[in-house]
Amino acid sequence: MDTEKIEQAFSLMESTISQLQQGLDTSFFDAYIENAENLVDNAKVRIVDGQPNAEIVSRVEKVYQEILALDLSSEEWRKLSQLLLLKGARGEQLQPNHQLTPDSIGFLFVFLIEQLTKNKAENLRVLDVAVGMGNLLLTILINLQLAQYNVHGIGVDIDETLLAIAASDSLLSETELELFHQDSLQDLLVDPVDFAVADLPVGFYPHDEKAASFITHATKDHSYAHHLLLEQGMNYVKNNGYGLFLVPSNFLEAEQGPLLQKWLKEKVYLQGIIQLPDELFQSVHSRKSIVILQKPGALAEQAKKVLLVKLPTLKDPAKVSQFFSEFEEWKSSNL
């Protein structure tokens, strides 16, 4: 990846987004979406009711040609989008559940999917039940495609703005992505997938009547949304397929943990828990782990030894390589 080229593209994109934000008197994220759609639409600025004005249109379209001349790859577009969104998020009031999933975590998901896929030639379907801005799913799709996997992505989210960002980024990176704007806990029009993934939003689900259809629902108070989404994601996984979810590290010890444990014992195989480095999180309460679940089937069974590992760091390549080796060894003995 050409870092200098991305830095140049960042400066140019930041300029066009800023000009559109001012010219349209809108938020950063709306200007970001407008900018991406303009670029995809033959690099022409869309004018509605005379806005933005002719001067801004001329300046922005000139910069668009400079951006296109850089000829960014799919992964460069994704990285550029992530950097712009991270900067924009500093000026917008984003709740924690809407933050971008860091690349370091996304690449772990890529590694795990590669390891858990038996036949590289098969057509993989990956569902993100809380796709948000799409950085996790696009990281997975683009990097699997670079590794010569045939992969199709599906994302679901209830937030229209976040979904529009995911859609615009998929268009810029020329990555096939099917998106659904709806409550992820309602019935989904999605065929079974090989992998369900998500950086799960943590909190309570307000619709008790719908929650009651899930094994993980609470009989008192509202149910944990992240527990329900774990169950929902696995509902759409093929037999023998996997779920990879980013969850709070204390997910089994929390107040509604026993409800989740009941579902785990009855419906899926809990194959592994990878606790992420403390350095990634600001507090003990915000620490997260990747949980590996498998749907029962003729080719699946509970691992003799559940993988329980804590990554000390993602900054030391040697430590990361050591984890990769340990995972491959565990997989060969247990899956």
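Where in the chain does Ala-43 lie? I will come back to that residue after a word on the model and a walk through the sheet, and please keep in mind throughout that this is a predicted model. To answer at once, though, Ala-43 lies in the loop between helices H2 and H3.

Let me start with the sheet. It is an open sheet of 8 strands with mixed pairing, and if you read across it, the order is S3-S2-S1-S4-S7-S9-S8-S10. The two edge positions belong to strand S3, residues 177–181, and strand S10, residues 307–310, and because each of these has a single partner strand, one side of each is left without a neighbour in the sheet. From one strand to the next, the twist averages 15°.

Two of the pairings are worth following on the screen. Strand S2 and strand S3 run parallel and are joined by 5 bridges, and within this pairing Val-156 has Phe-180 in S3 as its bridge partner. To get from S2 to S3 the chain passes through helix H7, residues 160–172, and the resulting β-α-β crossover is right-handed. The other pairing is that of strand S4, residues 193–199, with strand S7, residues 237–248, which are also parallel and are joined by 6 bridges; here Phe-195 stands opposite Tyr-242 in S7.

Helix H6, residues 135–146, lies across four of these strands, namely S1 (123–128), S2 (150–157), S3 and S4, and the helix runs at about 175° to S2.

Now to the open spaces, beginning with the second largest pocket, which holds about 340 Å³ of space. There are 18 residues in its lining, and those closest to its centre are Leu-116, Lys-118, Asn-240, Tyr-242 and Gln-294. You will recognise Tyr-242 as the residue that Phe-195 faces across the S4 and S7 pairing, and both of those strands return here, since S4 and S7 each supply at least two residues of the lining. Strand S7 gives the most, with 5 residues. Sorted by class, the lining of this pocket has 7 nonpolar, 6 polar and 5 charged residues.

What does a search of the whole structure find by way of cavities of 30 Å³ or more? It finds 1 such cavity, with a volume of about 50 Å³. The residues around it are Arg-78, Ser-81, Gln-82, Leu-85, Leu-100, Met-133, Gly-134, Asn-135, Leu-138 and Asp-169. Helix H4, residues 74–91, and helix H6 each contribute at least two residues to that lining, and H4 gives the most, with 4 residues. By class, the lining of the largest cavity comprises 4 nonpolar, 4 polar and 2 charged residues.

Finally, back to the loop from my opening question. Most residues other than glycine have a negative phi, and most peptide bonds are trans. Ala-43, in the loop between H2 and H3, has a positive phi of about 55° although it is not a glycine. The loop between helix H2 (28–40) and helix H3 (54–69) also contains Pro-52, and the peptide bond that joins Gln-51 and Pro-52 is cis, with an omega of about -5°. When you look at this stretch of the predicted model, those are the two backbone details I would point to, the phi of Ala-43 and the cis bond before Pro-52.

Key: Residues numbered from 1 in each chain as written. Predicted model: local features only at pLDDT ≥ 70, side-chain atom pairs only at ≥ 80, totals over all residues. Heavy atoms only, no water. Pairing = 2+ DSSP bridges. Axes fitted to C-alpha atoms, helices over the stretch in contact; angles between N-to-C directions. Contact = heavy atoms within 4.5 Å. Right-handed = clockwise from strand over helix to strand, strands pointing away. 1 Å grid on protein atoms, 1.4 Å probe; cavity = no way out; pocket = protein on both sides within 12 Å on 5 of 7 lines; lining within 4 Å. Points joined across faces, edges and corners; volume = space filled by probe spheres on them. Nonpolar A, V, L, I, M, F, W, Y, C, P; charged D, E, K, R; others polar.
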